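Student: Could you take me through one strand of this model in close detail, beginning at one of its ends? Please then connect that strand with its surroundings and with the chain as a whole.

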Amino acid sequence: MKNAFRLILCSTVFGLPFAVLAQTAPQGQVTPPAQTAPQASPGQVADQKLREQEVGERKQESYTAQGVRFGGFNINPNFELREKFTDNVYSSSGDRRSDFITVINPWVYAKSDFSVHEVEVYGTAESHRYAEYKNESDELYNIYARGKFDVYRDTWIAIKPMYDRAKEDRGSPDATNGVKPTRVYSRSLELEGEYKPGATWLRFDAGSKLMSFENSMLGNGTSVNNHDRDRREDKAGLRVGYEVVPGYFAFVEGRYNQREYDQARDDGGFNRNSQGGEFRVGASIELTGKLKGDVFVGYMMQEYDDARFSKLQEPSAGIGLRWNVTPLTTVKTTLQRTVEETTTGSVAGLLQDFIELGIDHELLRNLVVGGSISLTRSEYRGTNREDDLVGAKLKALYRPNQNMQIGAEYTYNGRDSSRDTGEYLTNTLMAKVVLSY
């Protein structure tokens with residue numbers, strides 16, 4: 001598993017420079033005189049802009065619901081029905097249980113079309129119904145909004161509130177394995193902005209998130225306190241960049257975070273409050289229709305209030321690129337290193353490396369297929385435990401008309417751990433129908 005991680009990491013890191021160079025004309029060659037091209041029609045211009053978008057995100061008019069006009073907003077109501085089969089309901093290493101899950105998911109998205117400023121609102125409700133293991137059934141909600149205000153021509157500020165009711169994944173290392181999955185409530189407020197006059201680039205973001213965990217009930221009737229995991233997470237970042245050559249911005253970035261728990265000490269007697277920061281140097285690439293994203297290296301640290309937890313100090317790196325290899329194919333690469341929270345025993349935190357490679361291909365104008373493979377390595381600082389989580393996905397989405405989508409998906413997740421009790425593998429099949437207006 002470790003060799004697999006190294007192989008994916010090396011192929012991604014060393015392959016990216018060639019992908020970037022492939023977008024740049026060879027040096028030293030004489031460019032032939034430009035010839036006057038015929039004027040493109042509005043339809044051709046629109047089609048070209050469509051081809052420059054990411055394949056999986058294209059909204060072709062013939063196959064995209066037009067929504068309902070209400071004042072200065074366009075509202076898109078949707079109804080989604082998913083049928084899933086999983087061969088490991090509890091993400092167990094031994095006692096594997098399979099089941100069918102029906103998911104009913106109405107959701108609505110509204111976006112303004114003002115001449116200046118922009119507002120978007122998203123709301124969804126999901127009802128998960130298990131055929132046999134009914135204790136796993138639950139209702140989940142998410143409400144999100146974003147208001148973007150154009151201060152000046154080159155300056156904008158956005159505010160983003162969010163509320164979420166989710167359930168903890170059975171495969172989480174912090175899961176208490178109760179009779180029912182642990183519900184997790186999140187509320188957050190984020191602020192971001194950008195100032196980009198010409199070659200100069202200034203970007204900032206800040207946010208605060210409150211997380212609350214419900215108590216769990218074990219099979220023997222014992223109640224497990226999860227409120228020692230309730231916490232507030234604050235973050236802030238500032239990026240300063242400069243356009244070195246057209247399409248390439250060099251930047252430096254500083255980030256700060258603070259994590260404060262409601263209880264002074266958890267049930268194990270540990271104070272898990274911490275503060276951390278990260279310094280990054282990198283490049284942001286914006287080649288219209290071809291390559292877009294960030295690449296950076298840096299250094300990060302996380303310091304814990306409890307003297308029994310040692311300070312975490314590590315190099316960091318990140319890649320987030322979207323490459324339109326052809327007008328019909330998009331390749332996406334993600335690489336990130338983060339410090340994650342955990343309440344597992346005497347572990348200070350998780351040093352987590354995540355890498356993913358995905359591809360989407362447009363077989364037909366209304367049929368997109370794709371897949372991805374990912375690897376997550378978690379190091380439990382303060383112990384010798386390491387987990388490798390491998391994920392793979394195959395998917396297809398067909399749009400017969402503006403108001404319907406039909407999709408299918410296969411997902412594999414497998415965790416290899418230095419602790420045998422932490423290992424599992426899960427296969428999930430899913431089919432869905434989405435009705436949109």
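Tutor: L312 belongs to strand β15, which covers residues 312-326, in what is a predicted model. Is L312 buried or exposed? Its relative accessibility is 2%, so L312 counts as buried, because the cut-off for burial is under 20%. Beyond its neighbours within four places in sequence, the contacts of L312 are with M300, M301, Q302, V339, L351 and R381. The last of these partners, R381, is 69 residues away from L312 in sequence, yet the two C-alpha atoms are 8.1 Å apart.

Further along strand β15 is N324. With a relative accessible area of 1%, N324 is likewise under the 20% limit and is therefore buried. Which residue does the side chain of N324 meet in a polar contact? The partner is T330, whose side chain forms the polar contact at 2.7 Å.

Both N324 and T330 reappear among the contacts of another residue, E54. E54 is located in the loop that runs between α2 (42-51) and β1 (68-70). Not counting residues up to four places away in sequence, E54 touches R322, N324, T330, K332 and D360. The relative accessible area of E54 is 14%, so this loop residue is buried as well. How many residues separate E54 and T329 in sequence? The separation is 275 residues, whereas their C-alpha atoms are 8.3 Å apart in space. The surroundings of N324 thus include a buried loop residue, E54, that touches it, as well as the side chain of T330 in polar contact.

For comparison with strand β15, consider F100 in strand β3. F100 has a relative accessible area of 46%, which makes it partly exposed. Setting aside residues up to four places away in sequence, its contacts are E83, K84, F85, R129, Y130 and A131. One of these, F85, is 15 residues from F100 in sequence and 4.5 Å from it, C-alpha to C-alpha.

Strand β3 (99-112) is preceded by a loop from β2 (73-86), and that loop holds S91. S91 is not a glycine, yet it has a positive phi of about 50 degrees. Its relative accessibility of 16% means that S91 counts as buried. A positive phi, near 55 degrees, is also found in N177, again a residue other than glycine. N177 sits in the loop between β6 (155-167) and β7 (183-195). At 52% relative accessibility, N177 counts as exposed, because the threshold for that class is over 50%.

These two loop residues lead to the second largest pocket, the volume of which is about 460 Å³. Its lining comprises 22 residues, of which Y90, S91, R170, N177 and T421 are the closest to its centre. By class, that lining contains 5 nonpolar, 10 polar and 7 charged residues.

N177 and R170 also take part in the lining of the largest cavity. Over the whole structure, the search finds 1 cavity of 30 Å³ or more, and the largest cavity holds about 40 Å³ of space. Besides R170 and N177, its lining consists of E168, D169, A175, T176, G178, K180, P181 and T182. The lining of this cavity divides into 2 nonpolar, 4 polar and 4 charged residues.

At the level of the chain, the secondary structure amounts to 2 helices and 21 strands. Of the 437 residues, 37% are buried. Among contacts with a separation of 6 or more, 55% join residues 24 or more positions apart.

The confidence of the prediction remains to be considered. The chain has an average pLDDT of 88, and 88% of its residues score at least 70. In residues 1-38, however, the pLDDT is below 50, although this stretch has 31 contacts in the model beyond near neighbours in sequence. Predicted coordinates should not be read in detail where pLDDT is low.

Notes
Residues numbered from 1 in each chain as written. Predicted model: local features only at pLDDT ≥ 70, side-chain atom pairs only at ≥ 80, totals over all residues. Heavy atoms only, no water. 1 Å grid on protein atoms, 1.4 Å probe; cavity = no way out; pocket = protein on both sides within 12 Å on 5 of 7 lines; lining within 4 Å. Points joined across faces, edges and corners; volume = space filled by probe spheres on them. Nonpolar A, V, L, I, M, F, W, Y, C, P; charged D, E, K, R; others polar. pLDDT = per-residue confidence, 0-100. Contact = heavy atoms within 4.5 Å. Helix = DSSP H or I, 4+ residues; strand = E, 2+ residues; numbered from the N terminus. Buried < 20%, exposed > 50% of the residue type's maximum accessible area, 1.4 Å probe, protein only. Polar contact = N/O pair within 3.5 Å; in protein donor to acceptor, adjacent residues only side chain to side chain.
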